[in-house]
Amino acid sequence: MSETVKILAEWLPDERTAALVTSDLSLRHLCGFGLSRGLILASKEESFLFVSESELEPVKEKARGFSVRVYTDTKQLLDILIKHNIRRIFVESDKMTVREFNFYADGLHYAKLDTSDTLSQKLAMMRAVKSEAELNAVRRAQLVCDKAYDKLLMSVRKGMSERQTAAMLSSFLIENGADEIMPRMRIASGENSAKHYSKPTDRRLSDGDFLLVDFGAKAGGCWASMARTAVVGEISPKRENIYNAVLCAVTDGLKALRAGTGAKVAESVARATLNNWDIDRYAKADFGHGTGLEFSEPPYLAADSTSMLKAGMTLVCGCEVTAPSRYGVKIADCVCVTDEGYINLTSATKSLVHI
């Protein structure tokens with residue numbers, strides 16, 4: 001049995017309980033590859049992977065730890081439930097629609113469907129620790145981001161609009177291998193960079209502006225993202241001081257990352273650094289979140305987090321400080337947690353770049 005589905009099977013409370021996995025994200029994590037259509041019925045005794053007829057042969061060659069079958073109807077699942085006397089089925093409450101629930105509840109009437117968030121939380125925790133293939137995909141996605149940002153720095157000029165800059169960055173991401181682009185790409189200059197949620201506008205880049213670039217890409221099935229802040233022309237010493245404060249906070253927060261450490265520790269460290277610079281009251285959001293099969297996923301590095309960091313987690317970590325109606329600065333890296341600390345997957349410079 002593959003390690004991921006083995007973990008899920010061992011987690012089940014007894015032999016009369018099963019897990020029904022239907023979401024694309026969880027299927028990819030448990031199988032190690034994507035499916036155009038499929039579902040998993042996992043139990044302590046045996047785990048079944050149902051796929052379309054066209055995918056049967058290639059899946060048989062790749063799937064480990066599953067009894068692979070062609071899906072025709074719910075009677076196949078019902079027969080398995082009866083044979084193994086399975087009377088309770090956990091479902092993904094956060095992924096399953098009401099229509100899907102009613103469909104399976106009617107077809108699998110031998111067992112009761114558990115609609116608590118128990119399975120969803122377990123799968124989210126499992127997805128938080130990346131397999132080698134997933135980690136490589138996150139690395140690939142981050143490489144796409146790094147290359148696109150480097151090219152943007154060489155191409156963007158004063159007088160261009162935020163929309164033009166966003167279009168240019170989108171083009172560079174696609175050119176470098178992005179399968180998808182983060183839909184909420186943030187390209188904000190001047191006073192717009194002080195808005196935590198903003199879309200690119202027709203505002204043109206002007207001398208003295210901060211240019212905040214917050215974006216991400218998906219490649220190989222996984223997401224990565226980053227944030228950087230450059231300047232147009234020259235800025236005042238006070239604004240450069242703000243940039244340096246954010247840079248120090250990010251650097252200090254990253255140093256707090258380590259397997260076995262609470263997810264909230266890095267947030268508190270970064271806040272303490274901003275406090276030392278006397279700008280913590282202007283900080284926005286939390287220090288970071290997990291990333292991988294979903295753009296934003298557990299763990300969340302917030303002050304009230306109860307999660308513990310584990311080796312193999314991939315995170316987007318950073319700080320943002322805003323002076324309302326004037327400017328904003330954000331720096332964020334994509335990293336992987338290790339037993340000794342972390343590996344920074346982001347290679348783009350964090351030095352203040354002048355455009």
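Which residues of strand 8 point one way, and which the other way? In this predicted model, Arg 186 and Ala 188 share one direction, while Ile 187 and Ser 189 take the other. Strand 8 covers residues 186-189. Are these residues buried or exposed? All of them are buried. For Arg 186, as for the others, that means under 20% relative accessible area.

Now look at the partner of this strand. Strand 8 runs antiparallel to strand 9, which spans residues 210-219. The two are joined by 4 bridges. Ser 189 can be placed in this pairing: Leu 211 of strand 9 stands opposite.

Turn next to the open sheet. It has 6 strands, in the order 4-3-2-1-5-6, and the pairing is mixed. Strand 4 (67-70) and strand 6 (112-114) form the edges, each pairing on one side only. On average, neighbouring strands are turned by 25 degrees against each other, direction ignored.

Follow the sheet to its strand 4 edge. Strand 3, residues 47-51, pairs with strand 4 in the parallel sense, over 4 bridges. Val 51 has Val 70 of strand 4 as its bridge partner.

Helices pack on this sheet. Helix 1, residues 3-11, touches strand 1 (17-21), strand 2 (38-43), strand 3 and strand 5 (88-91). The direction of helix 1 makes about 50 degrees with that of strand 2. Helix 4, residues 74-84, also packs on the sheet. Its contacts are with strand 2, strand 3, strand 4 and strand 5. The direction of helix 4 makes about 170 degrees with that of strand 3.

Definitions and conventions
Residues are numbered from 1 along each chain as its sequence is written. This is a predicted model: local features need pLDDT of at least 70, side-chain atom pairs count only at pLDDT 80 or more; totals for chains, interfaces and linings use all residues. Side-chain values use heavy atoms; hydrogens and water are left out. Buried means under 20% relative accessible area, exposed over 50%, partly exposed in between (1.4 Å probe, protein chains only). Two strands pair if DSSP finds at least two bridges between them. Axes are lines fitted to C-alpha atoms, for helices over the stretch in contact, and angles run from 0 to 180 degrees between N-to-C directions. Contact means heavy atoms within 4.5 Å.
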